[in-house]
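Reader: Hello! I'm new to this structure and would love a close look at a single part of it, followed by whatever helps me see that part in context. Could you walk me through it?

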Amino acid sequence: MIPFGKYFRTKWCAVLILLPLSIFCYLLGYIPTVRSGNVAYEFYQWVPSLNINLDLRIDGLSLLFALLISGIGSLIFLYASAYLKGHQYLDRFYAYLCLFMASMLGIVLSNNILLLFIFWELTSISSFFLIGFNNDNPDSRKSALTALSVTGMGGFFLLTGMILIGNIAGTYSISELMNAADVIKNHELYPLVLLLVFIGAFTKSAQFPFHFWLPGAMKAPTPVSAYLHSATMVKAGIFLLARFSPILGNTTAWSYTLMIVGGLTMLYAAIHALFRTDLKSILAYSTISALGVLTFLIGLGTEAALVAAVTFIVVHALYKATLFMTTGIIDHETGTRELTQLGGLRKVLLPVFIAGLLAALSSAGMPLLFGFISKDLIYEATLHADQQLAIYLTAAAFVTNLCLVAAGFMAGIKPFTGSLPQAYEKVHLPYKAMWIPPLVLAFAGLYFGFFPNSAGEQLIAPAVNAMSIAPAAVHLKIWHGFNTVLILSLVTLVTGTAIYYVNKADSRKLAWVQSFQSASPQAIIERLSSGFVKFSDWYTDTMHNGFLRSYLLKIILFAELLLAYELFIGGPIYIDYSKLSAISVYEAINVLILIAAVVLTVTTSSRLTAVVGTSVIGYAICLMFVYYSAPDLAMTQFTIDTLTVVLFVFVLFNLPPFINQANNTIVIRDTVVALGFGIILSVIAIKVLQVPTDISISKFYGDFAYTLAKGKNVVNVILVDFRGFDTMFEIVVLSIAALGVYSLIKLRLTSSEKE
Amino acid sequence: MELLLVLLIGVLYSAGVYLILRRSMVRLLLGIMLLGNATNLLIFLFGNITKGKPPIIKADLKVFEEIYADPVPQALILTAIVISFGLTSFAIVLLKRVYALINSDDLDDLNTPEEEDL
Amino acid sequence: MRSAILQTASRYLLPILLLFSVFLLLRGHYYPGGGFVGGLVAAIAFVLHSFAHGTTNTMKIIGYKPMALIPVGLGIASLAMFLPVLIGYPVMTGLWFEEPIPVIGMMGSALFFDLGVYLVVIGVVLTILFTISLHTH
């Protein structure tokens, strides 16, 4: 696609819409299969050794999500083609968007939890690019980074959780895990698994206290917000919970955690939404609140709650995408999203107003719109929960809904009503590609409101069935009869509208809310991370200070501790004198010379003396080799030593004298460390003597040196025959060293010539 | 006699470690050479120490008849000695070049230009 | 460093040491010696000569840059390694002439391999030392 990028930058980008559209149509074809209760599978080998294969399944739940992703995706592709028309990096944008859509589809369709995880991470990464799309804006970069670090951290926990699940159940396949649900639930690690999976889902779905990345992510271009925060990215967490609810769900820990976190999130965010004046900010908080509702419903876990959750997913995707897109149009045409400055836009942007109105009413739960049905179902679910809990749950849902009604009106109706400011009189309708997608979605909400069963039986029932163990019958009705649920719905609608009229958008209130910012989870986590940065700085300064000897000192000390510990636990150390050979006078003298040379080398302040000392050490070792039946070694050591001295002599004249800047403390410290190392190595050497040598290899070489290789000098036979490959590489290494020396010197010449 | 070798290994390692902890580049290099020698001796000790029995089959025989020095450590050390010459020569030239550039033998001086960049 | 004694001595020492190094190379399979030691001794012979007569003069005797020996040596060694493949044996199979050759004794691919090592070692050592000595003074 990259070579054709420049074509997609122009109006050819419309062609790209065919991609999600064709996926959408293809997936529509699966509805009959899935509806009859079957699960479709696709399988490709990928990494068979790790049991990770491209293993796809389409059941009710995945189909519902996949249809939302591709359906809304098509509209977003269309919308973005107009919204970002002529943008310099439109091709890049579409590449990210395609990547994102593909990974979302991957999440919902995979039948292997590791595969799911890979796609999960891909959405984090691609959303990072999408949120930070305006990469010249520092705010935008920061929010992208926040989103990535929060979701990426969640992904890390999720991976751990998934590996645990896989270890407990012995499989990574979702189909097989569903059969192993009891094994996992009764395992002692179940609470840990739950915690890890929850952290993954909560970070992705912006649940309290990880919600803060979502409002920040509003820095993204509006099509991205519309796509990521209505139907896809944030729903991935919800999808994960829904996917795992037949595997992990229906326990006290599961239900209560989700209900508490979901309930807290939905209340917190819904109330927050009322204080915002930025349209996208309002939408962001109401989205978080809606996600809270979904988490809450999945936690409730009754059949009614699951039906309500699935319905609400669809409803929310429809109206929230619409509202985001209308907001985008307003922003695009007027240049502002400040609620306090907007008004009366219905006169100039009529179709947009219709879309916004329908979406806001749907979100408010106006009868005859799809939202009404979902609101009914939510109340039904909370009312039919546990006796003692029902009242609290209903109350929480009621308050949340109140605020959501008001927030929806603020976003969908407020900018269009009232008097039109003069500045915006010349505002005109944008391209059709921009206002048709929200209108389509809004009317879809209306259609489903009139004929709820068209969605209910085709999509929602199979999805609910995929989540619960017992098959559920779903009949969505417009009219439930005159009962508590209906009264609650109507009260919500009326009170919410009242709140909308009372609560005027005001920047002072916003400032008041902002003053609590320092205690918010975002601030706490930011402080934690800046603390971590400081810690890293400190660590780098002490451990990676750029001084070679400081590194060496730490490495050697650590090695000493490790070796000493190993020796300490390794059993007794003794010397078997009977095995040792006698000491001859020559040897003793040789060793004495050697030690004298070592002392000289270490203590001298003259370079020449040090070099001479080193060469004496070399020649003495050469003599040792002579004593101990190693003539080849002795000859090699002798010649090499000679050549090294020559080398030093050639270079030495150019070298500076030794510096002696170490003070006494350092000298003593280094001496102690060095002596410690020497003693430990000596002890190791004694231990080596203790263990009988395994001579089987030597015996092999000795036995076959002549019979196979026709040589009698076994060392030479090993070098040129048995281990010839090693020797070959050795001479290659030598050649490289020679080339290195040669080029280093030539390099010096050329650079000095330049000077 | 093995005990003398053990002592020697300890002395060489100590001296090598002490030298590589110094600030002078020449000493660092000498330290590395001493460490190399010490390691060679350690490997040599791994095999059976034998006097006067080089691993060479007598002219009139086809296999060894009596005990002989272990040829495997010898082959390893021979390789190590030759390679260490490559290493030493490269290091010496590097050292020479560094000295030509910064006119100092002090390892700490190598850090300074970098810190100035920051 | 140029003493008359050293100059005279090295003139005779060079061929003797070279001969000795070839001797070490050839007998390496049966007695102490071999490509590494042989090569090192040969290199020392040239270094000694360069001490006495100056590096430039020694370079003249060799005729080529010592670096040229490295690819030649590597080539011979790899040839000895891969020659058996051409005949259908695995890499590094030892190949031997049926009859012993006078003076050298049995001759086979291992000797060629050792010859390669010998040349590489000479090339490497002389390249390193001569480059340094030529550019130091």
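Author: Among the contacts in chain C with a separation of 6 or more, 67% are between residues 24 or more positions apart. Please keep in mind as we go that this is a predicted model. Which elements make up chain C? There are five helices and zero strands, and read from the N terminus the order is α-α-α-α-α. Chain C has 137 residues, and 51% of them are buried.

Let's look at how the record lines up with those helices. UniProt, in an unreviewed entry, gives the annotation "transmembrane region" to residues 12-30, 36-56, 68-91 and 111-134 of chain C. Take two of these stretches. Residues 12-30 of chain C are 84% helix and 0% strand, with 28 Å between the end C-alpha atoms. Residues 36-56 of chain C are 95% helix and 0% strand, and here the end C-alpha atoms lie 25 Å apart.

Chain B invites the same kind of reading. For this chain, the UniProt feature "transmembrane region", again from an unreviewed entry, is placed at residues 6-21, 28-46 and 75-95. The span 28-46 of chain B is 100% helix and 0% strand, and its end C-alpha atoms are 27 Å apart. The span 75-95 of chain B is likewise 100% helix and 0% strand, with its end C-alpha atoms 30 Å apart.

Now for a pair of helices in chain B. How do helix α1 (residues 2-20) and helix α2 (residues 25-46) of chain B cross? Their axes come within 8 Å and cross at roughly 155°. Angles over 145 degrees count as roughly antiparallel, so α1(B) is roughly antiparallel to α2(B). The crossing of α1(B) and α2(B) is left-handed. Sorted by class, the residues in the contact of α1(B) with α2(B) are 19 nonpolar, four polar and two charged.

Finally, let's zoom in on one residue in chain A. Ser143(A) sits in helix α7, which covers residues 138-169 of chain A. Is Ser143(A) buried or exposed? Its relative accessibility is 7%, and buried means under 20%, so Ser143(A) counts as buried. And which residues does Ser143(A) touch, once those up to four places away in sequence are left out? They are Ile131(A), Gly216(A), Ala217(A) and Lys219(A). You can find Ser143(A) in the view by following helix α7 of chain A, then look for Gly216(A) and Ala217(A), which are among the residues in contact with Ser143(A).

How values were computed
Residues numbered from 1 in each chain as written. Chains lettered and ligands numbered in written order. Predicted model: local features only at pLDDT ≥ 70, side-chain atom pairs only at ≥ 80, totals over all residues. Heavy atoms only, no water. Helix = DSSP H or I, 4+ residues; strand = E, 2+ residues; numbered from the N terminus. Buried < 20%, exposed > 50% of the residue type's maximum accessible area, 1.4 Å probe, protein only. Contact = heavy atoms within 4.5 Å. UniProt positions renumbered as here; feature names shortened; annotations may be inferred. Axes fitted to C-alpha atoms, helices over the stretch in contact; angles between N-to-C directions. Parallel < 35°, antiparallel > 145°, perpendicular 65-115°, else oblique. Left-handed = near helix turned anticlockwise from the far one by under 90°. Nonpolar A, V, L, I, M, F, W, Y, C, P; charged D, E, K, R; others polar.
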